[in-house]
Amino acid sequence: MRLLLVEDDVDIQIVARKALTRAGFAVKVAGNGAEALAAAQAEKPDVILLDWMMPDMDGPDVCRQLKADPAMSDIPVIFLTARSQQAEIARGLALGAAGYIVKPFDALNLGDQVRAVLGRA
Amino acid sequence: VRAHLVAVLTAWDLAVLLYFVTVNTIYLLFCVIAFVRLRDHRRRWTPRRLEAVLQSPATPGISVIAPAYNEEATIRESLRSLLLLHYPEFEVIVVNDGSKDGTLRELIAGFGLLRAPAGYDQPIATKPVQAVYRSLSNTDLIVLDKVNGGKADAINAGINAARYPLVCVIDADSLLEDQALTRAALPFIEDPSTLAAGGIVRVVNGCSVEAGRVTRVGIPSSWLAGLQAVEYLRAFLAGRVAQSAMNSLLIISGAFGIFRRDAVVAIAGFRHDTIGEDMEIVTRLHRHAMDTGQRYRIVFQPDPVCWTEVPESIGILRNQRNRWQRGTLQVLSYHRGMIGRPRYGAVGLFAMPYFLIFEAAGPLIELSGYLVTVLALVFGLLDWRFAELLFLAAVLYGTLISLAAVLLEEISFRRYPRLSDLMRLVAFAVFENFGYRQLTTWWRVRGIVDFFRNKQGWGTMTRKGFTKA
């Protein structure tokens, strides 16, 4: 499964990429919202893992633009959210997100969590 | 032969007499310790200081966990009042433990829930969580829908999903005071080594309740509930305050308790194969902390926080007491390795032996005392003066203790403002010792018998979990 990881924190990028690759995903990484939209358009990934809080364009903004584009609106978006931001997540769901994963995550389980959120556990 | 019989019976009665004098004297000491504690507590926590705590950025967030099983009739109202609690940062996690009624439907309809597929670390193993729900209108509400696994399993699932460092575990039908979370968080702010805090549970029967809040405090009109009101005052205000002062509190009521999440996770959560999971978790917290050499404390917070409805039917009360008795025996047997061991401090040397003698075996001793005395009198084997002494030690001394507990309430919290209520409380305190106490003793003896006869009965008991009936 091809996965686009959108995350501004380099450490989390590295850990998540490793964990997801080991779990059988083909991972592309984008470091901000603009890169994410470009990569999504070019790559048409099967799923997008999107950090909630990023500078400039935050997760909800990216999600809104993805869902507004008919070419990309079908790609499931999963938010990555810090424990402390969970309360806002219902807003993300209302934007059409498939679900969310809470940070910090256990690298051993991240792949399973992605599949579980997609309902393909 | 007769002389021998008299000697044996006399010795027996003396032992029972000693037992009654000891248990009531311990309780009298509890009352004295509690009096000092409550006075200090009142002086320290003025409303102004409470408000200061609320404003402080150091106030820890709390995840309130309400396990729910077949609560469709009341869940909307209870949850509404929970979400209105007065506390700066908290969330409410309702765990629907495979209810067979429309609990989940009520929640979805009442709070506009959205299905929110979620991935999060679940450090404690539980029955699978089938769905996570969130609400657009109440962002601090999470509903977990899981496969039925009993109350402890539901609590564990809630702890897994909790995002704050403190978890407050309540019964779905507990009525909380507006300031419950503030008061319960105080011990953790006062001393960060606090692992857990219990709150006082009061009897709501006889009070007026509006929108999930107690608006007028009153004494129950039913005798059975009134007697329990006094019983609860004695157990909580005298018993638990004093046990907490000695850092040997063994029970935090399932109706309201607050724990450090990491401490509970470290011991793999609540045990789901037990009847008394609320006593078991506290005992295990003590054990683990002392095994690992931590400095810690587990405290009881005497301010009013939580109201619960007590049974007004003899049958339900009998079953409850039978279950409590079996729960106590079970926890003592799980943790028998702690009893009398100096390495477990006041818990091993005082609290657990106390529970073993006075809570676990107590009903047997009391019952044997009553029986032996009556039989001996009937057959003319015993002096009447013995019966008088036993009556004094058991019933009159007991009445004194019950009255002392009512007095503690009056000089500390005064939640019963009307004189007529106070007079009835006093009457219940007297009558608690004439008949009611003997009745509960009998039910507890039955519990002891059931415990030793039918160990297999636990499974079904836990699975039915926490239905009130």
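**Stop 1: the second largest cavity**

Start in chain B of this predicted model. Select H5, strand E12 (256-260) and helix H9 (277-291) of chain B; each supplies at least two residues to the lining of the second largest cavity. The space inside is about 60 Å³.

Now show the lining residues as sticks. Pick Lys151(B), Ile155(B) and Val169(B), then Ile252(B), Ser253(B), Gly254(B) and Gly257(B). Add Phe259(B), Phe270(B), Glu277(B) and Asp278(B) to complete the lining. Colour by class, and you should count five nonpolar, three polar and three charged residues.

**Stop 2: the largest cavity**

How many cavities of 30 Å³ or more does the structure hold? There are three. The largest has a volume of about 80 Å³.

Its lining takes residues from both chains. From chain A, select Arg83(A), Gln86(A), Tyr100(A) and Val102(A). From chain B, select Tyr120(B), Asp121(B), Val132(B), Ile142(B), Leu144(B), Asn160(B), Ala161(B) and Ala162(B). Switch to cartoon to see the elements that give two or more residues to this lining: strand E5 (99-103) of chain A, with strand E6 (141-146) and helix H5 (151-161) of chain B. Helix H5 of chain B was also part of the previous stop, where it supplies at least two lining residues. By class, the lining of the largest cavity has eight nonpolar, two polar and two charged residues.

**Stop 3: the second largest pocket**

Next, a pocket. The second largest one holds about 360 Å³ of space. Centre the view on Ala116(A), Ala118(B), Gly119(B), Gln122(B) and Val129(B); of the 17 lining residues, these are the closest to the pocket's centre.

Then highlight helix H5 (110-117) of chain A, along with strand E4 (118-119) and strand E5 (129-135) of chain B. Each of these gives two or more residues to the lining. Which element gives the most? E5(B) does, with four residues. The lining of this pocket divides into nine nonpolar, five polar and three charged residues.

**Stop 4: a helix pair in chain A**

Select helix H2 (residues 33-43) and helix H3 (residues 59-68) of chain A. Their axes lie 10 Å apart, at an angle of about 25°. H2(A) and H3(A) are therefore roughly parallel. The crossing is right-handed.

Show side chains at the contact. On H2(A), look for Gly33(A), Ala36(A), Leu37(A) and Ala40(A). They meet Val62(A), Gln65(A) and Leu66(A) on H3(A). The contact residues of H2(A) and H3(A) are five nonpolar and two polar, with no charged ones.

**Stop 5: a helix pair in chain B**

Finish with helix H10 (residues 314-334) and helix H14 (residues 419-453) of chain B. Are these two helices parallel or oblique to each other? Their axes cross at roughly 55° and come within 8 Å. That makes H10(B) oblique to H14(B). This crossing, too, is right-handed.

Select the H10(B) side of the contact: Ile314(B), Leu317(B), Arg318(B), Arg321(B), Asn322(B), Gln325(B), Arg326(B), Leu329(B) and Gln330(B). Facing them on H14(B) are Tyr436(B), Leu439(B), Thr440(B), Trp443(B), Arg444(B), Arg446(B), Gly447(B), Ile448(B), Asp450(B) and Phe451(B). Colour by class once more: the contact of H10(B) with H14(B) has eight nonpolar, five polar and six charged residues.

How values were computed
Residues are numbered from 1 along each chain as its sequence is written. Chains are lettered from A and ligands numbered from 1 in the order in which they are written. This is a predicted model: local features need pLDDT of at least 70, side-chain atom pairs count only at pLDDT 80 or more; totals for chains, interfaces and linings use all residues. Side-chain values use heavy atoms; hydrogens and water are left out. On a 1 Å grid over the protein atoms alone, a cavity is a set of points where a 1.4 Å probe fits but cannot get out, and a pocket is an open set with protein on both sides within 12 Å along at least five of seven lines; lining residues have an atom within 4 Å of a point. Grid points are joined across faces, edges and corners, and a volume is the space filled by probe spheres set on the points. Ala, Val, Leu, Ile, Met, Phe, Trp, Tyr, Cys and Pro count as nonpolar, Asp, Glu, Lys and Arg as charged, and the others, Gly among them, as polar. Axes are lines fitted to C-alpha atoms, for helices over the stretch in contact, and angles run from 0 to 180 degrees between N-to-C directions. Angles under 35 degrees count as roughly parallel, over 145 as roughly antiparallel, 65 to 115 as roughly perpendicular and the rest as oblique. A crossing is left-handed if the near helix is turned anticlockwise from the far one by less than a right angle, and right-handed if clockwise. Contact means heavy atoms within 4.5 Å.
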